[in-house]
Amino acid sequence: MPVTLSPDLLKAAVLFTSKEEIRFYLKGVAIQATPATIKVAATDGHRLFVARVDQPENTETFSIIIPSDAIISATKGAKHPLDLSKLSDTQYRLGDTIFTPIDGNFPGYEFIVPKSVSGETAQFNPEYVASLGKANKLLGGSAENVTIGYNGDKPALVTGSGFKAHNALAVLMPLRSAAEDWASILNSTMGDGFATPPAEAQALAA
């Protein structure tokens with residue numbers, strides 16, 4: 001310590017934090033440092049953000065959770081890397097913001113990250129998908145240039161030009177929704193007989 005962190009990386013990570021009081025330990029961004037590498041992680045249980053920051057000058061191993069509001073305060077208007085330093089056993093400084101780390105254990109997230117993807121399509125919460133574009137833009141990419149590695153009913157991997165530039169990735173949990181009766185939905189909206197039942201469609205195609 002001290003270590004140096006990109007304000008854009010922290011802004012992107014804070015998008016993935018939880019707002020639930022009962023899961024207070026997820027209401028911040030975890031900073032996990034080893035002698036040469038720092039992991040920046042955030043999750044709300046539905047999305048996960050992880051980035052690796054190489055920092056060869058760091059010689060101390062530590063792990064803290066920076067509260068989301070401290071990150072928002074420290075990164076506001078910041079255009080240069082922010083120093084993270086320890087002031088006492090209970091207080092740290094990020095840039096010009098002094099904060100007390102969240103007293104909790106950040107969950108192990110490595111097991112959530114899939115080692116491969118199947119390509120099988122899935123459904124996702126559209127608000128979460130939109131947040132991926134916002135994160136990619138904060139990291140220097142565009143809101144549209146995001147790729148989701150579909151993985152069926154298992155966690156999907158997410159990348160983009162901004163994510164890649166910061167050695168970051170996201171994981172998105174799929175929705176497990178009931179199968180819809182699309183013929184009924186079409187007919188109720190467009191009128192009876194608009195949708196062709198699957199059996200009749202197969203007969204017409206024969």
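Two strands count as a pair if DSSP finds at least two bridges between them. Strand β2 (residues 28–33) and β3 clear that bar in this predicted model, pairing in the antiparallel sense over four bridges.

**Figure 1. The whole chain, before we zoom in.** Let's start with the parts list: the chain has six helices and 11 strands. How spread out is the chain next to a compact globule? Its radius of gyration is 21 Å, well over the 17 Å that the globule rule gives for 206 residues, so the chain is more spread out than a compact globule. You can get a feel for that from the C-alpha trace, which spans about 75 × 30 × 30 Å along its principal axes. Of the 206 residues, 40% count as buried. The accessible surface comes to about 11800 Å², and 54% of it belongs to carbon and sulfur atoms. As for charge, there are 17 positive and 21 negative side chains, with the centres of the two sets 6 Å apart. Finally, take the contacts between residues at least 6 apart in sequence: 61% of them join residues at least 24 apart.

**Figure 2. Close-up of β2 and β3, joined by a hairpin.** Here's the pair we opened with. Three residues make up the hairpin link from β2 to β3. To find your place, look for Ala-33, which stands opposite Ile-38 in β3. Is β3 enclosed or open? Five of its seven residues are buried, so β3 is largely enclosed by the rest of the structure.

**Figure 3. Close-up of β3 and β4, another hairpin.** Follow the chain onwards and you reach strand β4 (residues 47–54), which is mostly covered, with six of its eight residues buried. How many bridges join strand β3 (residues 37–43) to β4? There are seven, and the two strands run antiparallel. Two partners help you line things up: Thr-37 is bridged to Asp-54 in β4, and Ala-41 is bridged to Val-50. This hairpin has three residues between its strands, and Gly-45 in the turn has a positive phi of about 95°. While you're looking at strands, here's a handy tip: in a regular strand the side chains alternate between the two faces of the sheet.

**Figure 4. Close-up of β4 with β11, and the loop leading in.** Besides β3, β4 has a partner from far along the numbering: β4 and strand β11 (residues 168–172) pair in the antiparallel sense over five bridges. Ala-51 stands opposite Ala-168 in β11. Now look at Asn-167, in the loop between α4 (161–165) and β11. What is the phi of Asn-167 like? It is positive, about 50°, although Asn-167 is not a glycine. For background, most residues other than glycine have a negative phi. Asn-167 counts as partly exposed, because its relative accessibility is 40% and that class runs from 20% to 50%.

**Figure 5. Close-up of β6, sitting with β1 and β7.** Strand β1 (residues 3–5) pairs with strand β6 (residues 82–86) through three bridges, in the antiparallel sense. Val-3 has Leu-84 in β6 as its bridge partner. β6 is also joined by three bridges to strand β7 (residues 92–94), and these two run antiparallel. Ser-85 stands opposite Arg-93 in β7. The β6 and β7 strands form a hairpin, with five residues between them.

**Figure 6. Close-up of Gly-152, a buried loop residue.** Gly-152 is in the loop between β9 (146–149) and β10 (156–160). Loop or not, Gly-152 counts as buried because its relative accessibility is 5%, under the 20% cut-off. Which residues does Gly-152 touch, leaving aside neighbours within four places in sequence? They are Ser-118, Glu-120, Thr-121, Ala-122 and Pro-174. Take Ala-122: it is 30 residues away from Gly-152 along the chain, yet their C-alpha atoms are separated by 5.2 Å.

**Figure 7. Close-up of Ser-68 in a helix.** Ser-68 belongs to helix α2 (residues 68–75). Is Ser-68 buried or exposed? It is buried, because its relative accessible area is 12%, again under 20%. Setting aside its neighbours within four places in sequence, Ser-68 is in contact with Val-14, Thr-17, Lys-27 and Gly-28. Also look for Ile-102, which is 34 residues from Ser-68 in sequence and 9.8 Å away in space, C-alpha to C-alpha.

Methods
Residues are numbered from 1 along each chain as its sequence is written. This is a predicted model: local features need pLDDT of at least 70, side-chain atom pairs count only at pLDDT 80 or more; totals for chains, interfaces and linings use all residues. Side-chain values use heavy atoms; hydrogens and water are left out. Buried means under 20% relative accessible area, exposed over 50%, partly exposed in between (1.4 Å probe, protein chains only). The radius of gyration is taken over C-alpha atoms; the globule rule is 2.2 Å times the number of residues to the power 0.38. Contact means heavy atoms within 4.5 Å. Accessible areas come from the Shrake-Rupley method with a 1.4 Å probe; for residues, only the protein chains shown count as cover. Lys and Arg count as positive and Asp and Glu as negative; His and the chain ends are not counted. The place of a charge is taken as NZ of Lys, CZ of Arg, CG of Asp or CD of Glu.
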